[in-house]
Amino acid sequence: MSRQDGSDRTVSAASVDDSSATLLHIDMDAFFASVELLDHPELVDKPVIVGHRSGRSVVTAANYVARRYGVNSAMPMALALRRCPAAVVLEPHMSRYRDFSEQVMGIFTDMTPLVEPLSIDEAFLDVSGARRLHGSPAVIAALIRERVQNETGLTCSVGAASTKFVAKMASSRAKPNGLLVVPAEDTLAFLHPLPVGSLWGVGAMTEKSLLGLGLRTIGDLAATPLPVLQKSIGEASGRKLHELAWGRDQRGVTLEREEKSVGHEITFEHDVTDVARLRSELLRQSDAVAVSLRRAGLVGRCVVLKLRYTDFSTVTRSRTLAEATNVGRRIYEEAAASFDVLAARGIRVRLIGVRVEQLGDGDGAGLGLWDPDDDWRGAELAVDSVTARFGRGSVRPASLLGPSQARPVGLDATKPNPRSGERGDANP
């Protein structure tokens, strides 16, 4: 959405009409790094990286000063320090991040009971029912930002809009420590100049297809005849992305539910450096996770990639879907997009895993805002039927059928994980 270094920060004027912008997306600013800087105020204006300073570790988080040097979370630490040799490296403390997250979420629920956490450091709020008690949406957002800073010492950015996806896009533009209100009547003026890849729900493959059509902005997408979109990216996906490009999104805030996850992971007998082999394993695991979800009648909204390197350092990277899924291809595309950010020449992987979090009832799968995976869902359901009749492994993705038919050796976690999964850019 934005460059994530604050260089394209946009905030609202005090006089903006916020009466229609009752959905807030609140995102903590450089959360992990900001928590660490509470103990190191002398480093606030210096580039700071959170992570382990070993040669094979990765960046857990970076403050905005470091990001301006091109340092990003999940980047190899060696590369980060080449880009920013003056950076100060601080060790991560996950227990502190959890404590601050609970405190921040408590502030949110003090303002409105309608809170939908997305991760450890962000959430949606519906403040339509809180206006009589606390004031307008912009006033409520200002009160939340003030309380967060006074009670925790941290800052957050808020997007306010009449739809969830526009609120999320607005909070990204407001970073760091800003508020951007997008009134309903200004939605298209806000959306249409933005890059087409910033539209929530546009993954890497869809973005590639849209760019191949010459569509650079959301406005370009909106102006494209629907049949043209559908021919390129599918009937359901084309129709619903066209709806989003015109600012139409009927989803409301979903209250927090017990967090569970379904995942598969494997520990290799020997460290793996072959990126193609790792991607193939991601595809196999994504398919297995999808089968587990469908058998349990579940769908999930958050896809988490887990990598453990040869030095036993572990990194996770999560991507939240606009709509919950139990389609293996969708899970794979999201996991692969995270993997592409982490993968580097010479990377030595000891363990790789995929899990899906934020689970819900799968009875309505494909009936939400849009179903971009109609074709893949049909194909995978057909495979389920064949598997039920002839056994597991009777049908497999062609990309998994190599000349040797070799599969990695190791421990494969195939059971659903009932525990709450930590979310964030990286875990120590």
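**The four-stranded sheet**

Start by selecting strands 9, 12, 10 and 11 in this predicted model: in that order they make up an open sheet of 4 strands, with antiparallel pairing. At its edges you will find strand 9 (261-272) and strand 11, each of which pairs on one side only. Look along the sheet and follow the twist, which averages 10 degrees from one strand to the next.

Now keep just strand 10 (residues 298-309) and strand 11 in view. They run antiparallel and are joined by 8 bridges. Two of the pairings are good to label: Val-303 has Arg-319 of strand 11 as its bridge partner, and Arg-308 has Thr-314. Between the two strands lies a hairpin with 4 residues, where Phe-312 takes a positive phi near 75 degrees.

Is strand 11 enclosed or open to the outside, given its place at the edge? Colour residues 314-325 by accessibility to find out. Of its 12 residues, 9 are buried, so the strand is largely enclosed by the rest of the structure.

**Helix 13, lying on that sheet**

Next, bring in helix 13 (residues 275-296). This helix packs on the sheet, touching strand 9, strand 10, strand 11 and strand 12 (349-361), and its direction makes about 155 degrees with that of strand 9. From first C-alpha to last, its 22 residues reach 31 Å, close to the 32 Å expected at 1.5 Å a residue.

Zoom in on the two ends. At the N-terminal end, select Asp-274, which acts as the cap: one of its side-chain oxygens lies 3.0 Å from the backbone nitrogen of Ala-276. Past the other end, just after the helix, stop at Gly-297, where phi is positive at about 70 degrees.

Then show side chains in the helix itself and pick Glu-281 and Arg-284. These two form a salt bridge, with their closest N and O atoms 2.7 Å apart. They sit 3 residues apart in the helix, which means that about one helical turn separates them. Residues three or four places apart on an α-helix point the same way, because each turn takes 3.6 residues. Which side of the burial cut-off do the two partners fall on, buried or exposed? Glu-281 is buried with a relative accessible area of 3%, and Arg-284 counts as buried too, at 10%.

**More salt bridges**

The whole structure holds 19 salt bridges, so there is more to see, since side chains of opposite charge can pair when their charged atoms come close. Go back to Arg-319, the partner of Val-303 in strand 11, and add Arg-330, Glu-333 and Glu-334: salt bridges link these four residues in a network.

For a link between distant parts of the chain, jump to Asp-39 and Arg-96, whose side chains meet in a salt bridge of 2.7 Å, N to O. Asp-39 is in the loop between helix 1 (31-37) and strand 2 (48-51), Arg-96 is in helix 4 (residues 94-111), and their positions lie 57 residues apart in sequence. Asp-39 counts as partly exposed at 49% relative accessibility, and Arg-96 is also partly exposed, at 24%.

**The five-stranded sheet**

Select strands 5, 6, 1, 7 and 8 next. These 5 strands form an open sheet in that order, with mixed pairing. Strand 5 (115-119) and strand 8 (179-181) stand at the edges with a single partner strand each, so one side of each has no neighbour in the sheet. Here the twist averages 15 degrees from one strand to the next. Strand 5 pairs with strand 6 in the antiparallel sense over 4 bridges; label Glu-116 and its bridge partner Phe-124 to see one of the pairings.

Two helices are worth adding. Helix 6 packs on the sheet and touches strand 1 (23-28), strand 6, strand 7 (156-161) and strand 8, its direction making about 20 degrees with that of strand 1. Helix 7 lies across strands 1, 5, 6, 7 and 8, running at about 145 degrees to strand 7.

Within helix 6 (residues 137-152), find Leu-143, which is partly exposed with a relative accessible area of 31%. Beyond its sequence neighbours, Leu-143 touches Met-111 and His-134.

Finish where helix 7 meets strand 6: the side chains of Lys-168 and Glu-122 form a salt bridge of 3.0 Å, N to O. Lys-168 belongs to helix 7 (residues 164-173) and Glu-122 to strand 6 (residues 122-126), so the pair ties together parts 46 residues apart in sequence. Lys-168 counts as buried at 13% relative accessibility, and Glu-122 is buried at 10%.

Technical notes:
Residues are numbered from 1 along each chain as its sequence is written. This is a predicted model: local features need pLDDT of at least 70, side-chain atom pairs count only at pLDDT 80 or more; totals for chains, interfaces and linings use all residues. Side-chain values use heavy atoms; hydrogens and water are left out. Buried means under 20% relative accessible area, exposed over 50%, partly exposed in between (1.4 Å probe, protein chains only). The expected span of a helix is 1.5 Å times one less than its number of residues. A polar contact is a pair of N or O atoms within 3.5 Å; within protein, one must be able to donate a hydrogen and the other to accept it, and residues adjacent in sequence count only if both atoms are side-chain atoms. Two strands pair if DSSP finds at least two bridges between them. Axes are lines fitted to C-alpha atoms, for helices over the stretch in contact, and angles run from 0 to 180 degrees between N-to-C directions. Contact means heavy atoms within 4.5 Å.
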